[in-house]
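Reader: Please take one part of this structure and go through it closely. Then set that part in the context of the whole chain.

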Amino acid sequence: MRIRGLEMPWNRVLAATAGPGAAAHALGPWHPQEFQAECVETIPEAGDMMTFVFRRLDGAPLAFRSGQYMNIDFPIFGPDAEPASRSYSISSAPTEPWTFSVTVKEDPNGLVSPWAHENVRPGTVLDMLGPVGAFHLPDHDRRARYLLLAAGAGITPLMSMIRTIHSLPGQADVILLYHGSAPDRFAFEDELKFLTVADFRIKVVYALGDRVRPDDWSGQVGRISRALIETVAPDANGRQVYACGPQGYLDTVMDVLPRVGVDETSINVEFFSGDRETLREYAEEVALAGELAEEIATHTEEAQEALVPELELYETEYAEEVVEPYVEPTEAVDAEAEVPYDVEEDAEIAVAGTQEAASADEENVVDPAEFDTVGTGALTMSFVRSGLNIRVDKDDNILAAARQAGVRIGANCQEGMCGSCKIVKLSGDVDMHHQGGIRAREIDAGKFLPCCSTPMSDLVVDA
C-alpha cells in the first residue's frame, strides 16, 4: 500500500487488528504506565543540555508519540526520602522504542537539573510515569506539512518529531526555525546538519534573536516575528505549527501566527516554563496519567489472570531403561551423634528474645490520649511523632492547622503540585484535592498531601 503523507508504523497495526476489543488491546501500550528505567548512556549537548538514554527494566519497548514527555522521580534527597518529580520531553523517536532519551537543560538555580547532570549515569535506575501529553504528531497526516518553532530547550520534543519523520517513508515538508542565544548554543546542531543533507524533506533555519550578529553568522537575526516567519515559511498558513519554548516566546508566537494566516486549530504549543495556571494544567495532566496508569495496570493484571491459555503439555518419550546419574558416595551420618548446638536451648533463647521484643514494642506503643491538646474544633488530629493533638473543624486546612500548632511539616508549593509535604495517615479519612503531587499507589498506601486536604474524621498522622 502506498503511503501518502506521513503515517506512523503502529497505525496499520491498529487497522489490521480485528474487532474493537483487539484494537483497544493493541492501543494499550500508548497509554501511560508506571515503570522503572535504567540509564544506559549520557550524551553532552550544546547549550548546557545533557541527553540521558534509558531502557525499561522490564524489557518492554516504550510506546509513545513524538512530542510527548515523561514524569520522572529523582531521589535527590536520598533513597529513603520523597523524590522530586519533574517532567521532561522525550527527544528520541518512537520508531526505535527499545531505548528512549530525555534531554535536560541544566539550570544553575534549579533543584533537579543540576543533580541529574551530576548524578545520573549509566546504571542509575529511576521511577517513571508516561508517556504523557497531547503535544505530538498525528498518527496519520496526508499532507504532513509542518512548521516547527523552537527556542532554547524547546528543541527537545521537536527533535523527536524530526527524527521520527526522517525515519519514516512518505511525503513530508518540514521547516524548523530554531532560536538560540549564541552560535555555539544550538543543541543537536551536528545531527540537524546531517539530516538537512540526508533528507530533502527537512529544512533547518537558525536565529540568534536580537543579539549581535557575528561576522561569520549565516543564519537569521531577530526575535520571533511576523516578518521572520514570512521569510522562513511564506506558506505558514498551510502548515501545522508545533512550537515549544519559554512562555514569553510562545506568547509572541500565539500573537504572530494568526497575523500570517495560521488558524488557531493548526497551532500546537508546549511550554517549557510558564505561569501558575500553566503549571497547574501540566500537574493535572500528570495526575490524570497516573490514575490511568494505575487503572490500566489493574485491568491488565486481571485480564492476564482471566485469560491464561490452556496449554497442552507434551512429555518426551524416553527409552524404558533409565540411566541413574552417578552420585559421589558421601560419609554416613549417625543420627544419634552429638549435634554442635542444643536445639532446646536455642528454642528457649528464641522464645525469650521474642518475648523481650514484644515487651519492648508494648512499651513503645503511643497513646494519643496522653498527648497535649490544642484548638477547639469538633475533630481531633493526632500527630504521633510530635506528640500533639489538634482540634479542628472539617473545613480547616490540615497543613495550616498543623503549622499553627507548631507541627513541623515541610512544604513548597502548598497547592498539591510538588508533593514535598507528603505524610502518612495511620487512621481516619481526609478530603484531598491535589494537582499531581501524589500518585494513586501512594494514596493506597495511606499517604496524603496536607496542604490540599481537610479532615473528614478524627485522624492519626505519622508526623
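Author: Start with one pair: P44 has M50 in strand 3 as its bridge partner. The model is predicted, so local features need pLDDT of at least 70 and side-chain atom pairs count only at 80 or more, while totals for chains, interfaces and linings use all residues. Residues are numbered from 1 along each chain as its sequence is written, and side-chain values use heavy atoms, without hydrogens or water.

The pair sits between two strands. Strand 2 (residues 33-45) and strand 3 (residues 49-56) run antiparallel and are joined by eight bridges. Helices (H or I, at least four residues) and strands (E, at least two) are DSSP runs, numbered from the N terminus. Two strands pair if DSSP finds at least two bridges between them.

Both strands belong to an open sheet of six. Its order is 5-4-7-2-3-6, and the pairing is antiparallel. Strand 5 (84-89) and strand 6 (100-105) form the edges; each has a single partner strand, so one side of each has no neighbour in the sheet. From one strand to the next, the twist averages 40 degrees. Axes here are lines fitted to C-alpha atoms, for helices over the stretch in contact, and angles run from 0 to 180 degrees between N-to-C directions.

Now follow M50 outward. M50 is among the residues that H117 contacts, along with D48, M49, F52, V104, K105 and E106, leaving aside neighbours of H117 within four places in sequence. Contact means heavy atoms within 4.5 Å. H117 itself lies in helix 3 (residues 113-119). Its relative accessibility is 9%, so H117 counts as buried. The cut-offs are under 20% relative accessible area for buried, over 50% for exposed, and partly exposed in between, with a 1.4 Å probe and protein chains only.

One more feature belongs to this sheet. Strand 7 (residues 125-132) includes P131. The peptide bond from G130 to P131 is cis, with omega near 5 degrees.

Which residue with a positive phi sits between strand 8 and strand 9? It is A144, in the loop between strand 8 (140-141) and strand 9. Its phi is about 50 degrees, although A144 is not a glycine. A144 is buried because its relative accessibility is 0%.

Strand 9 leads into another sheet. Five strands form this open sheet, in the order 11-10-9-12-13, with parallel pairing. The edges are strand 11 (202-207) and strand 13 (267-271), each paired on one side only. Neighbouring strands are turned by 15 degrees against each other on average, direction ignored. Strand 12 (residues 240-245) runs parallel to strand 13, and five bridges join them. In that pairing, V241 stands opposite I267.

A helix crosses this sheet. Helix 4 (residues 155-167) lies across strand 9 (145-151), strand 10 (173-179), strand 11 and strand 12. Helix 4 runs at about 150 degrees to strand 9. Past strand 10, F188 lies in the loop before helix 5 (189-198). F188 also has a positive phi, about 65 degrees, and is not a glycine. At 6% relative accessibility, F188 counts as buried.

Near the end of the numbering, look at S453. S453 is in strand 20 (residues 453-455). It is buried, with a relative accessible area of 0%. A polar atom of its side chain lies 2.6 Å from the backbone oxygen of L449. A polar contact is a pair of N or O atoms within 3.5 Å; within protein, one must be able to donate a hydrogen and the other to accept it, and residues adjacent in sequence count only if both atoms are side-chain atoms. Beyond four places in sequence, S453 touches D396, N397, I398, V430, D431, M432 and F448.

Next come the cysteines. The structure has zero disulfides, a disulfide being a pair of cysteine sulfur atoms within 2.5 Å. The sulfur of C452 is 4.2 Å from its closest cysteine sulfur, in C451, which is too far for a bond. C452 is buried at 13% relative accessibility. C39 is buried too, at 1%.

Finally, the whole chain. It holds eleven helices and 21 strands. Of its 463 residues, 41% are buried. Among contacts between residues at least 6 apart in sequence, 67% join residues at least 24 apart. The accessible surface comes to about 26,000 Å², and 51% of it belongs to carbon and sulfur atoms. Such areas come from the Shrake-Rupley method with a 1.4 Å probe; for residues, only the protein chains shown count as cover.
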